[in-house]
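User: I am new to reading protein structures, and I would like to work through this one slowly. Could you take my questions in turn and show how each answer is reached?

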Amino acid sequence: MTFNDCMITVSWELLTKELENIPIEIKLHLTSIINVLQTSDKQLTSEKWINASITRLEACLDRTWEVLNSGSWKDVPIEYRYCYSLCVIVKAVLLELQCKINVESYADKEKKKTALKNIINQIDRGILLGAPLSSMPNLLTANATKLNNYCAEESNAINMEDISIDHEGTTNYLISNCPERYFEKPSMQTFYNKIFKPKLPAVLTGCINHWKALTLWKNPNYLNKIAGSRTVPIEIGSRYTEEDWTQHLVNFSEFLQKHVIENNSEVGYLAQHQLFEQIPELKEDFEVPEYCCFTDSKEKDAESSEVDINAWFGPANTVSPLHFDPKNNLLSQVFGYKRVILYSPAETDNLYPYDTRLLNNTAQVDPVRPDYDKWPNFREARGMTFYLKPGEMLYIPPKWWHHVTALTPSFSISFWWNY
């Protein structure tokens, strides 16, 4: 057996060059393991050497994990994120070699599939916690896609055609209190003059009907095929301001079955996740709206022109508490129905923001069930309510407060950009 028999593909020459970008304490361990993977066929069949190397790599990952979690994420040294990516890809190679030895002739498909799912899980952790390598930015995503495609071919189909969207109970009140803020396929000039420049919320209709996502993503088999074996971060609990709220890394197929398809008392929400960077093949099903090109900045540099794309996928009754974001936002509804309540920045004093650093963009008041004894000034707040339907986009200006509730199972994409 040679490494060429493996499903994971790596350029060892480029990977070796990447070792120059990581701390020496990890570099020494990785170098010795990579040298063997490059040059020795004999040790690649030695279960003892493979197991010992995996143990060394797990120690390196534990050390890197400590640094990644020692403070604010934005302050983590980039070399340790590179380090995590490198350790993960080398460990994935070793796990596949281990699988080839333990699963005789790769004949046992179930054992092979279980082993490959474990490898995909390792790679996804590298994508989520590591950083793209400068010489091979797609190394982890490409290998995760390749392995997931194999697992998808062997997976059982989910026995339903579309995710059930029962909105009969919501249709009686799906009426906005701002009908004048609806625009049917607005031109770029109309969007700029009546929406973007005055910084006023608006619902845009008829703009994304051509997206393949509107029909494809309602099919759980399609989502399961593309992402079923992948590991994603989900929020567990009613909302992030409550004590019962927590986060977990879970298998996407498990999340789909347990939290979206089945009725579960425990709400699980794939929220504000850059899913399309992790699984780029989903990008083929939608486009970044042209409206995101507008800016108020006279000097439009590369950083300010970037559009952050996030996925919001979950069952009915997911809630994003009243909060604001610093960027422009086009919240685009792929399927399902959402209610969005908005307040302008001028209403801030009536909304009682938290005075803690982590929650200073979040209001203490719940606009759906307000406690006027506790928050008396909220009586003076004047807001807008919109009901987002499939195929509609809501423009949320920077620093506008918004409270979002999913009325049905729902998939939304947010496009954030600087102004």
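User: What percentage of the 419 residues of the protein count as buried?

Analyst: A word of care belongs at the start, since this is a predicted model. A residue is called buried when its relative accessible area is under 20%. By that cut-off, the share of the 419 residues that count as buried is 52%.

User: How many helices and strands does the protein have?

Analyst: Both kinds of element are present, and the strands are arranged in sheets, among them an open sheet of nine strands and an open sheet of four strands. Counted over the protein, there are 12 helices and 13 strands.

User: Which helix supplies the largest share of the largest nonpolar core?

Analyst: The largest nonpolar core holds 51 residues, and those that touch the most other members are Leu15, Leu30, Leu37, Val90 and Leu94. At least two residues of this core come from each of α1 (12-18), α2 (24-39), α3 (47-68), α4 (78-102), α5 (109-129) and α6 (139-154). The largest share is 14 residues, and the helix that provides it is α4.

User: How many residues are in the other core that lies apart from it?

Analyst: This other core lies apart from the one just described, and its members include Trp211, Phe276, Leu330 and Phe415. Its number of residues is 46.

User: Which residues is leucine 94 in contact with, leaving aside its neighbours within four places in sequence?

Analyst: Leucine 94 is one of the residues that touch the most other members of the largest nonpolar core. Contact here means heavy atoms within 4.5 Å. With the neighbours within four places in sequence left aside, the contacts of leucine 94 are Ile33, Leu37, Trp49, Ile50, Ser53, Ile54 and Leu57.

User: Which strands stand at the edges of the nine-strand sheet?

Analyst: The order of the strands in this open sheet is β1-β2-β11-β8-β13-β6-β5-β3-β4, and the pairing is mixed. A strand at the edge has a single partner strand, so one of its sides is left without a neighbour in the sheet. The strands in that position are β1 (182-184) and β4.

User: Is strand β3 largely enclosed by the rest of the structure or left open, and how many of its six residues are buried?

Analyst: Strand β3, residues 231-236, pairs with β4 (residues 246-251) in the antiparallel sense over six bridges, and two bridges join β3 to β5, again antiparallel. Because most of its residues are buried, β3 is largely enclosed by the rest of the structure. The number buried, out of six, is five.

User: Which residues are the bridge partners of glutamate 235 in β4 and in β5?

Analyst: In general, strands of a sheet pair through backbone hydrogen bonds, either parallel or antiparallel. On the β4 side, glutamate 235 has glutamine 247 as its bridge partner. On the β5 side, the bridge partner of glutamate 235 is tyrosine 269.

User: Which backbone oxygen does the side chain of glutamine 278 reach?

Analyst: Glutamine 278 belongs to helix α11 (residues 275-278), and its relative accessible area is 1%, so it is buried. Leaving aside neighbours within four places in sequence, its contacts include Asp124, Arg230, Thr231 and His273. At 2.8 Å, its side chain reaches the backbone oxygen of threonine 231.

User: By how many degrees are neighbouring strands of the four-strand sheet turned against each other on average?

Analyst: The four strands form an open sheet in the order β7-β12-β9-β10, with antiparallel pairing. At its edges stand β7 (319-323) and β10 (383-388), each with a single partner strand. On the side of β7, the pairing with β12 (residues 401-406) runs over three bridges, and valine 319 stands opposite threonine 405. With direction ignored, the average turn between neighbouring strands of this sheet is 15°.

User: Which residue caps the N-terminal end of α9?

Analyst: Helix α9 covers residues 220-227, and its buried residues are Pro220, Leu223, Asn224, Ile226 and Ala227. A side-chain oxygen of the capping residue lies 2.8 Å from the backbone nitrogen of asparagine 221. That capping residue is asparagine 219.

User: Is lysine 199 buried or exposed, and what is its relative accessible area?

Analyst: Lysine 199 sits in the loop between α7 (188-196) and β2 (202-205), and it has a positive phi of about 55° although it is not a glycine. Lysine 199 counts as buried, because its relative accessible area is 17%.

Note on methods. Residues numbered from 1 in each chain as written. Predicted model: local features only at pLDDT ≥ 70, side-chain atom pairs only at ≥ 80, totals over all residues. Heavy atoms only, no water. Buried < 20%, exposed > 50% of the residue type's maximum accessible area, 1.4 Å probe, protein only. Core = buried A, V, L, I, M, F, W, Y, C linked by side-chain atoms within 4.5 Å. Polar contact = N/O pair within 3.5 Å; in protein donor to acceptor, adjacent residues only side chain to side chain. Pairing = 2+ DSSP bridges. Axes fitted to C-alpha atoms, helices over the stretch in contact; angles between N-to-C directions.
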